[in-house]
Amino acid sequence: MARSEVSASHRVLPGLLVFLVFSAAYLYSFPQSNVFYAVIVLLHATAGIGASLLLALHLLHFLRNGKFLSRLGWLLIAVGAVLGLALIYTGTPRSEWNWLYAHIVLSLAGAGIIFADWAGKRGWLRAGTSRAIVRVTICLAVLVVLGAAARYLRHSRWQTRARIQNPLMPAANMDGEGDGPNGPFFPSSAQVFGGKKIPSKFFMESDSCQRCHQDIYNQWYSSAHHFSSFNNQWYRKSIEYMQDTIGTRPSKWCGGCHDPAVLYAGKMDTPIKQIVHTPEAQAGLGCMMCHSIAEVKSTMGQGDFYLEYPTLHELAANKHPLVRTLHDLLINLNPEPHRRVFLKPFMRDQTAEFCSACHKVHLDVPVNHYRWIRGFNEYDNWQASGVSGQGARSFYYPAKPSQCADCHMPLQQSKDAGNNNGFVHSHRFPGANTALPIANEDAEQLKISEDFLKNKIVSVDIFALSPARSEAKPAVVNQSEIATTFAVGEEAEAKITPGAVGEAAPVTAPLNRVQPALRRGDNVRVDVVVRTKKIGHFFPGGTVDAYDTWLELKATDDKDQTVFWSGKIEDQGKGPVEKGAHFYRSLQVDAHGNPINKRNAWASRAVVYVHLIPPGAADTVHYRLHVPENVGNKITLHARLCYRKFAWWNTQFAFAGMSDPKQPEHETTPDYDDSKFVFSAPLTGVSARREQIPDLPTVVLAEDEVTLQTAPQSASAPEPKVALQPEDWQRWNDYGIGLLLQGDLKGAQAAFQKVTEIDPKNPDGWVNIGRATVQEGDMDRARAVLEKALSLSPDLARAHFFYAKVMRADGNYEGAADHLRKVLTQYPRDRVALNDLGRILFLQRKYSEAVKVLESVLAIDPEDLQAHYNLMLCYNGLGDETKAKEHQARYLRFKADEAAQAITGPYRQLNPEDNNERQAIHEHVSVPLEVSKTGRSAEQSSARVRSAASLGASR
């Protein structure tokens, strides 16, 4: 090589190194998804290749002629260059981060040493080895400081960006949500940055993600998210019916989360029947829907987020091979901008809050022409529970808190780009939807869904037996408190009116331990306990007005006679569930008392009953069993907790429902629909693989079986008998929890007493007796048992919480506040404890302190009714009339319509089974069976209970 060429290359190489250092600093510190950043990525890679080639030509020269520092610097740069070339080939996904940081550290260290050597030659700390060491130390120290600053710019600012935080003051009405009545997407709360619409194709190009995320794409393709829109016949029918009834605009309330390719392109003003088979209507929720959410504005749900249209999207979705190759090369070289566009920090760190954007809803005037009503709400109950690690009052706590993705996005092995140590979070979103896999004929997705449901998330325990008793006065929920079409959290126990007074009836339990005999001709009560175990929200979750979830109890003898059956499915297991079963659902009616069974939530005006089980809690179900005189020598009781994704009626309606042409004149309004329906509409073009009504599977979530001996009628009446074994303490506890939550406070206390007898050092039994006695108003006993619990576990938050109630009842407000502060030290986001503390501070006239506490409640849930009520009172006490009226307006918005329960009266009189189910304490009887030799049948027993239920219809 000529001397002039060598000299030129010597000058070019340092220039390239300078560019590489500064471009690296920019690329590392400020990852951005824009054209300028992409150009710098390409220039950095190109300059790196050029510098590596020049270095290869001159490295031997540098090593021979340079001094120690120079040789060390060039060697480090050479190693960094080799790593850089390798990373150009492999890319820099997470799996290569160690090599990426090695490349950065070695290259910068080498550059720093060479700079120190260069500066020494020009007179800076020139003479001596010690000064050379100082020069290098200073240069490297500067690089370390700059590196720390760069890391701060790269990570710390990013991690705190767009965190999900609630406003302290929610809108006074729905017009203040989202873009308001003039917005293109209203009444959904969703917004798009810049106020623009987004082309449909943006949400329809998930296949562009498939190039790098094959496994995730395949998982998503079978998921309920993919089939969230009009490619789902159940949803499609509900929107078609909604638009036919109340117009297209209110249906945007649904579209914000279900139909992005239709809504955000401005196409949802067109009746969906006209465009239902277009690609955008069949797109569902693609990758871009969730991953283009740039900001979640609150945990109030309703699609309360901002979407962002990425500037480089056209590159990713471009069909030209060269453009796609360039896009993929850029992401391979530096995936950080891509990751930041599509994986915001809140998606990982605030997963539950992120999911709340669509898994929590409310209705209001623009949708239902009525008032504010809570719809389904997975977030608040999770947040208030022990599963989140934020609730102080849970009966049980998991080993560690969990969020939505821990259950519904489990880790799966994958080599997809972006995998973390060989795993990705499953985008099948396994859950409870067994209907879509049936309609889509997707056997793998169905199996995954069924396996998920059967994974010991709940348990069933045929636990206790007792003589049948006369109808007790049931505990009832204060109907003015029914402000939701679903349910509230564990604070619901504070709203139960105690049931019958007197001593608890003795029980025989656990049945599998004591094996009692059933005397022929007797009537006995069988108690079955259902407990939630691995569920972070109510059981069942989601739109529980649409499901069939029920407990079945069947008794057969050794002569193959069925002697009792509650929860039977008609039509050999394919039809509706018998009406007298114990259901887990929300039963609502419209303004004329017609059941809400068409997913017509906008017409809901009153709740007949809500039966859901909180996480880490239990339900105790009572059955009245008549033992026939002709029964065999053994009776086997078999209990099954059954689940069918959609109720039989709803599936028939969704696929073939139509207004009965033979019915007399009727009226359909936003408030009610008096139509009669038949299931004879043509099936042509339904959103399913086959043009037929599918038979949805009944999944058994949990079951239990007990076989008992029978005794002759002449035998003496069996005496109550219990077995107390250490391993059964939770069974007794679960039994008591179920009784407590239905208001059988004496029965609950008796069960919890057994827990203390099994293990006197277990504080749970004592605390739960305290919970029951606080509800009962027996503060003396509550004080004694809670003090016992605190002596065993001085920091037990739930013991302090209920002890605060005892002190408050004594008028010792300061003492109550002290105990609540101990609760909040451990659980600062427990809304009920915060509300109680705020109320106590208000009663002490410490209005300013109360305001601070109650505002912290609104930071967790801006729609908290009690917080707004007490803030109204506090601001009145402070003389701030303006703020008092603001909170009064929110209180009146979120408060239940107390007069609405009158609507349920006629319905309950016509449907005694549902009225029976409405009572907090009730019994279930068998469907009609063959008449025994005595001439008494289950049908006659059923009639007696239904008659009693009818008498209670005014309750």
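1. Start with the buried residues of helix 27. In this predicted model, the buried residues of helix 27 are Leu745, Gly747, Ala748, Gln749, Ala751, Phe752, Lys754, Val755, Thr756 and Ile758. That is 10 of the 14 residues, so the helix counts as mostly covered. The cover includes helix 26, helix 28 (763-776) and helix 29 (779-792).

2. The length of helix 27 checks out. It has 14 residues, and at 1.5 Å a residue they should span 20 Å. The C-alpha atoms at its ends are 20 Å apart, so the expected span and the model agree.

3. Phe752 is a good residue to look at inside this helix. Phe752 belongs to helix 27, which covers residues 745-758. Is Phe752 buried or exposed? Its relative accessibility is 0%, and buried means under 20%, so Phe752 counts as buried.

4. Which residues does Phe752 touch, leaving aside those up to four places away in sequence? They are Asn733, Gly736, Ile737, Leu740, Gly765, Asn768 and Ile769. Gln730 makes a useful distance check. Phe752 and Gln730 are 22 residues apart in sequence, and their C-alpha atoms are 9.7 Å apart in space.

5. Next, an open sheet. It has 4 strands in the order 8-10-16-21, with mixed pairing. Strand 8 (458-467) and strand 21 (923-924) are at the edges. Each of these two has a single partner strand, so one side of each has no neighbour in the sheet.

6. Helix 26 (residues 729-741) packs on this sheet. It touches strand 8, strand 10 and strand 16 (618-626). The direction of helix 26 makes about 85° with that of strand 16. Helix 26 also appears among the elements covering the buried residues of helix 27.

7. Within the sheet, look at strand 8 and strand 10 (residues 523-532). They run antiparallel and are joined by 9 bridges. One residue pair can be picked out: Asp461 has Val529 in strand 10 as its bridge partner.

8. Strand 11 (548-557) has several partners. Of its 10 residues, 8 are buried, so it is mostly covered. With strand 17 (residues 634-644) it pairs antiparallel over 10 bridges. There, Asp548 has Arg644 as its bridge partner.

9. Strand 11 also pairs with strand 13 (residues 582-583). These two run antiparallel, with 2 bridges between them. Leu551 has His582 as its bridge partner in strand 13.

10. Strand 12 (residues 562-566) is another partner of strand 11. The pairing is antiparallel, over 4 bridges. Lys554 has Trp565 in strand 12 as its bridge partner. Strand 11 and strand 12 form a hairpin, with 4 residues between them. In the turn, Asp560 has a positive phi of about 65°.

11. Strand 4 (residues 360-363) is covered on both faces. Lys360 and His362 are on one side, Val361 and Leu363 on the other, and all are buried. Strand 4 runs antiparallel to strand 5 (residues 373-377), joined by 3 bridges. Opposite His362, in strand 5, stands Arg374.

12. Where are the cis peptide bonds to inspect? One runs from Ala509 to Pro510, with omega near -15°. Pro510 sits in the loop between strand 8 and helix 23 (511-514). Another joins Phe539 and Pro540, with omega about -10°. Pro540 lies in the loop between strand 10 and strand 11.

13. Positive phi values deserve a look too. Phe429 is not a glycine, yet its phi is positive, near 50°. Phe429 is in the loop between strand 7 (423-425) and helix 21 (435-440).

14. Gln572 is another case. It is not a glycine, and its phi is positive at about 55°. Gln572 lies in helix 24 (residues 570-573). Is Gln572 buried or exposed? Its relative accessibility is 80%, and exposed means over 50%, so Gln572 counts as exposed.

Methods: Residues are numbered from 1 along each chain as its sequence is written. This is a predicted model: local features need pLDDT of at least 70, side-chain atom pairs count only at pLDDT 80 or more; totals for chains, interfaces and linings use all residues. Side-chain values use heavy atoms; hydrogens and water are left out. Two strands pair if DSSP finds at least two bridges between them. Contact means heavy atoms within 4.5 Å. Axes are lines fitted to C-alpha atoms, for helices over the stretch in contact, and angles run from 0 to 180 degrees between N-to-C directions. Buried means under 20% relative accessible area, exposed over 50%, partly exposed in between (1.4 Å probe, protein chains only). The expected span of a helix is 1.5 Å times one less than its number of residues.
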